[in-house]
Every structure is written in C-alpha cells, then in structure tokens.
Amino acid sequence: MGQSHSSSLAGGAAMTPPGIPVGPGVLVSHPAPVMSSAPGMYVRESNSSLRSTARSPLLVSVPETEDCVESSGAAGPDYSSDVPDDILACIFQFLSTGDRKQCSLVCRRWLLVEGQSRHRLSLKAQSDVVPMIPCIFMRYHSVSKLALKCHRRSISISDDALILISEFSRNLTRLKLRGCRELTDIGMTTLAKNCKGLKKLSCGSCTFGTKGINAVLDHCSALEELSVKRLRGMNDRGVAEPIGPGVAASSLKSVCLKELYNGQCFEPLVVASKKLKTLKLFGCFGDWDRFLETVTDGNTNLVEIHLERLQVTDMGLSAISKCVNLEILHIVRTPECTNLGLVSVARNCKLLRKLHIDGWRTNRIGDEGLIAVAKQATNLQELVLIGVSPTSSSIDALASNCQKLERLALCGSQTIGDKEISSIAEKCKALRKLCIKGCPISDHGMEALAWGCPNLVKVKVKKCPGVTCEAADFLRANREALVVNLDAVAVEPLDASTSDGGAQEDGQEPPPMVSQVTVVGPSGSNGLSALFKSKFGHFAGRNLVACSFGRWSNSRGGSLSGK
C-alpha cells in the first residue's frame, strides 16, 4: 500500500543519554547516530529522500507489557489495541523513516510490528558488524531489499558474514553490494544457493569474480536485473571465463555493465537472454562492435540501449539498428560514431521515443544524422543534444516532423541561436520542457517563447550570457504559469555522462509552482579513480550534465536524470 523504508536501528548495548528521565523498559532517543558495542557499526537508511531529522532511537530495553507508554508518564487508554497487527503495519508503510522510528518507541507491540513490517535495510558492512548480524536480522526478518556498503578505507564483511546474512534472509529479492572487498566466489555461491528468489543484484567495487556471478546465474531463476561495476575479480587482462547463461537467462530483463576490463565475457548471457529489454554499457574497456553485432542478431525485444564512453563505431550502431523495437537510445561520448551510424538507426528504429547524443564536440554527428531522425523517428518525445552542432536546417526538420516532442535539451552548441529557438517556438506545439545551456542565444530568442509552444511549462537556461533577467521577466509577464530557471554563469565544460547512477535513479518532479526565476549554482562533478583515468584516457570523464531534466520527465513516464 505504501512505501517501505529502511531501518536505522542497531542492536547492542547502549548508554542512556543524561538528562532524559527513563522508566523501566522505556525506549529513548539519542541525538547522535546509534552506535553498538562494536565501534563504527550502525544500520543506515537506504532512502535518503525520506530521511528525517528525527532523533535516532536508542534501544535500552522493551516493556514487559503490551501497554503503551504515555509521554507524560501517566497511564491512559490504548486506543490502538483494537487495531490488528496487519492494519498497524499498513499504517506504518505510509510514514517516513523518522516517524517510523518514533513509533517503534511507543510500546513492545509497536516495536515488534514495526520491525516485522520493514522490507528494506541498508547496512554499513564493516567487519565489526558481524557479532550484531543475528540481532539485526532477527528483528528485521521480513527484509527483502538489502544493501551492504563499506567505505573503501574500511575492512568489509567477509564470506562468513555474507553466508550468515543469507541464512537469515532467504526471502531476499534485491541485493546491493558496494565496496565489499573481502567477499569471494565462495560467499557468493552460498548466497546464491540460499537466496534463490533474488530478482535484482547490483555489485560494485567487490573482489569476487566470474565464478561468483555464474553461481548467481545458475541458482537464481527469477533474476531480472543484473548490474556489475568495477568487479575487481574480473579486472584481469587475460582471457576471462565466459559468464552465463545459467537458469537466470530465461528471466533476465536488464543488464548494466560499468567500468569493466573484460565486460565482453557477458556475451553468452546477453545472447541467451531472450527477454532482455535493457542493455547499458558504461566506460568498459575494449572494442564493443563485435559484441553488439552478436547480441543484437535476431533480438527484437531490446527497447533500451545506453552506450557511454565506449570504443564503438558505426558498425556497432548499424548492429543496434537491427533492434526494430528500440525506443530509447543514448550515444554518449563515443567519438567514433558518425552520421552514417545514426542514419542507419533512424531508418530502422521507427519506434524511437528518446534519443540522447553527446557528440563531445567532435562534429561527427550533425545535420545529416539529425535530419534522418526527423524524417524517420516521428514518435520522438525526448531529445537531448550535447556537444552537437545542428544548424537551422536540422532544427527546422525536427521541429516540423517530430510533433510529439515534449522534452528538448540543447547544450554546448555554438550553432544554436535566436533563429533556431524561434523555429522551435513556432513549430513545437507539444513541447513541455526546454533546456538550453551554453548556446549563443539572446533575449530576442527567449521572447519568441512567450508566443510559441502553447504547452510549455518549464524553461531552463544555463550559462547563456546573452540572456538577461529582463527576458525572464518578460516571459513571466506574458505566461504566468511558465516556470523559468535562469543562470547566466560563465560557460563550463559540458558532460552528458550518466554512469554514476544518475539515469538509473530518477528524482521526483517538484510540485506545480507558479512562474519563477531562480539562480542555479554551478554543477558539481565526481572523478574516477586514478586507475581508471590512466587506463581509459579520454574516456575517463564522468560528470553529470547540469541541464539534464530527468525530474521533468518522471510525470510523463520519462527516465532522464541530471545534477
């Protein structure tokens, strides 16, 4: 009915904070993060968007009776005693994490019901958490979504701890492993045998290898999503053991590979996964043309493909064009892709709805490819062009032919000026969201939006020095319902990378607002490790483009993201 939230409780001995009167068996609150007798261990909340400022609960003891403990200390009627446990659990599902923690302090019954109704848990998976595992998972025995994360400077849990967790959580459906460098193929094999109902596995910066992944594929017949990032056990420049297909090939729907040396060894799995709909490849080493030719041969189920920071050419795009049901395509920082490959995709993939292109200012994709998209992909709803230099001819074609276009982003193009914006304003009748970044437009181009694009609800302008606040005020005066975000900061290097989870984890669209003008600060950036920078060279960038409008597209079923 509602959304389940992760727990932030930790078992173990604790001291009652001074100055707080506590009766026998009362649960109290502590202003600091909950710590156990094992230093540095605590259970963290997995949903940061729902984190509350409420104090973290500290378990002293539990009441001996079912009676609620009144905050005033006086006895009173327990109006919740007539509410069945399952109804009480449903009510808890509608509460935020902080509110749920406070509810668990009320009485013994609420403590038990709240723990039993938790389905999501995020655990700081350091080695000193091992003694607390039985206590934690005995309380939260209904957990089906588990995240185990360890900082790179800490020692993570080992195989014994993972095996113990799998024995307590045999109903796991989702598992995320981050930085668990002490895990080996042995622990993953036992986990796969104990948690055969696993539907989603995401692992990053772990040390197990192909045998651990193959064990999951061989035992988890319900697996639907597999995401592998920086799997250190596979970072061997020798010939890697093939991965898959296993029994999971019959159910697998999504595969995401990030920053792997031997990512091509997943080819048997991808080829055998006939239900596969999504394939994402980010920053993986080696030539990927042959891989794409093999996995797309005869595959008509793929509807979403992401290519980012890859060594792929027009041969790879030509192979992708065989996927006639393709709806979403991202071509980001693939400098060897040209108009020829894009024309092939446009000619055969007529169901294309979302297209992202980051040409990295190589000028290999331009008018020819975009005009082909305009003529063939008439169902296009979302278009992002970054580091591409389209002229008025291709912009006119897109605006005239793609009448379903709702979301458009134009970033880092010196050929997009007032003329092109005026054409968009005149012809894009269905456009709802428009983002312009680092383009030589002026107030004149912005003023054209006051009379065109009748369905426009939001305009975002960043790093366009020619646009002033007067233009924003003009739009506000003429279109009161239009939200205008204006940032005229100096131009910075653009980047369309989404591999850091941006596209996989969309934010929620803000509530409807009246017209506004806001100033947005410069976008942040995250760097790769020195190892990958040295190995991938110019493919090593990973910043998120600040103009992405993923939050905009959620309300219309989109999946764009940005920072």
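What share of the 563 residues of the protein count as buried? In this predicted model, the buried share is 53%. The protein holds 18 helices and 20 strands. Among contacts between residues at least 6 apart in sequence, 79% join residues at least 24 apart.

**Parallel strands β16 to β19**

Strand β17, residues 433-437, is mostly covered, with five of its five residues buried. The cover extends to both faces: Lys433, Cys435 and Lys437 are buried on one side, and Leu434 and Ile436 are buried on the other. On one flank, β17 pairs with strand β16 (residues 407-411) in the parallel sense, over five bridges. Within this pairing, Cys435 of β17 stands opposite Ala409. Between β16 and β17 the chain passes through helix α14, residues 418-427, in a right-handed β-α-β crossover.

β17 also pairs with strand β18 (residues 458-462), again in the parallel sense and over five bridges. Cys435 has a bridge partner here too, namely Lys460 in β18. Helix α15, residues 443-448, joins with β17 and β18 to make a right-handed β-α-β unit.

Why is β18 described as largely enclosed by the rest of the structure? Five of the five residues of β18 are buried, so the strand is largely enclosed. Its two faces are both covered: Lys458, Lys460 and Lys462 are buried on one side, with Val459 and Val461 buried on the other. Lys460 is thus a residue that is buried and that bridges to Cys435.

The next parallel pairing is that of β18 with strand β19 (residues 483-487), over five bridges. Here Val459 has Val484 of β19 as its bridge partner. The chain goes from β18 to β19 by way of helix α16, residues 469-478, and this β-α-β crossover is right-handed.

The three pairings are set out below.

| Strand pair | Sense | Bridges | Helix in the crossover or unit |
|---|---|---|---|
| β16 (residues 407-411) and β17 | parallel | five | α14 (residues 418-427) |
| β17 and β18 (residues 458-462) | parallel | five | α15 (residues 443-448) |
| β18 and β19 (residues 483-487) | parallel | five | α16 (residues 469-478) |

**A cavity with a nonpolar lining**

A search of the whole structure finds four cavities of 30 Å³ or more. The second largest has a volume of about 50 Å³. Which residues line the second largest cavity? They are Leu383, Ile395, Leu398, Ala399, Leu405, Leu408, Ile424 and Cys428. Helix α13, residues 392-401, supplies the largest share of this lining, with three residues. By class, the lining has eight nonpolar residues, no polar residues and no charged residues. Two of the elements described above also take part: Leu408 is in the lining and lies within the residue range of β16, while Ile424 is in the lining and lies within the range of α14.

**Helices α5 and α7**

In helix α5, residues 159-168, the buried residues are Asp159, Ala161, Leu162, Ile163, Ile165 and Ser166. These buried residues pack against α4 (133-139), β6 (145-149) and α6 (185-194).

Helix α7, residues 210-219, is mostly covered, with seven of its ten residues buried. The buried residues are Thr210, Gly212, Ile213, Asn214, Ala215, Val216 and Leu217. They pack against α6, β8 (200-204), β9 (225-229) and α8 (267-272). Helix α6 therefore appears among the packing partners of α5 and of α7, under the contact cut-off of heavy atoms within 4.5 Å.

Is Ala215 of α7 buried or exposed? Ala215 has a relative accessible area of 7%, and because buried means under 20%, Ala215 counts as buried. Not counting residues up to four places away in sequence, Ala215 touches Thr189 and Ala192. From Ala215 to Met188 the separation is 27 residues in sequence, and the C-alpha to C-alpha distance is 7.1 Å.

Conventions:
Residues are numbered from 1 along each chain as its sequence is written. This is a predicted model: local features need pLDDT of at least 70, side-chain atom pairs count only at pLDDT 80 or more; totals for chains, interfaces and linings use all residues. Side-chain values use heavy atoms; hydrogens and water are left out. Buried means under 20% relative accessible area, exposed over 50%, partly exposed in between (1.4 Å probe, protein chains only). Helices (H or I, at least four residues) and strands (E, at least two) are DSSP runs, numbered from the N terminus. Two strands pair if DSSP finds at least two bridges between them. A crossover is right-handed if, with the strands pointing away from the viewer, the path from the first strand over the helix to the second runs clockwise. On a 1 Å grid over the protein atoms alone, a cavity is a set of points where a 1.4 Å probe fits but cannot get out, and a pocket is an open set with protein on both sides within 12 Å along at least five of seven lines; lining residues have an atom within 4 Å of a point. Grid points are joined across faces, edges and corners, and a volume is the space filled by probe spheres set on the points. Ala, Val, Leu, Ile, Met, Phe, Trp, Tyr, Cys and Pro count as nonpolar, Asp, Glu, Lys and Arg as charged, and the others, Gly among them, as polar.
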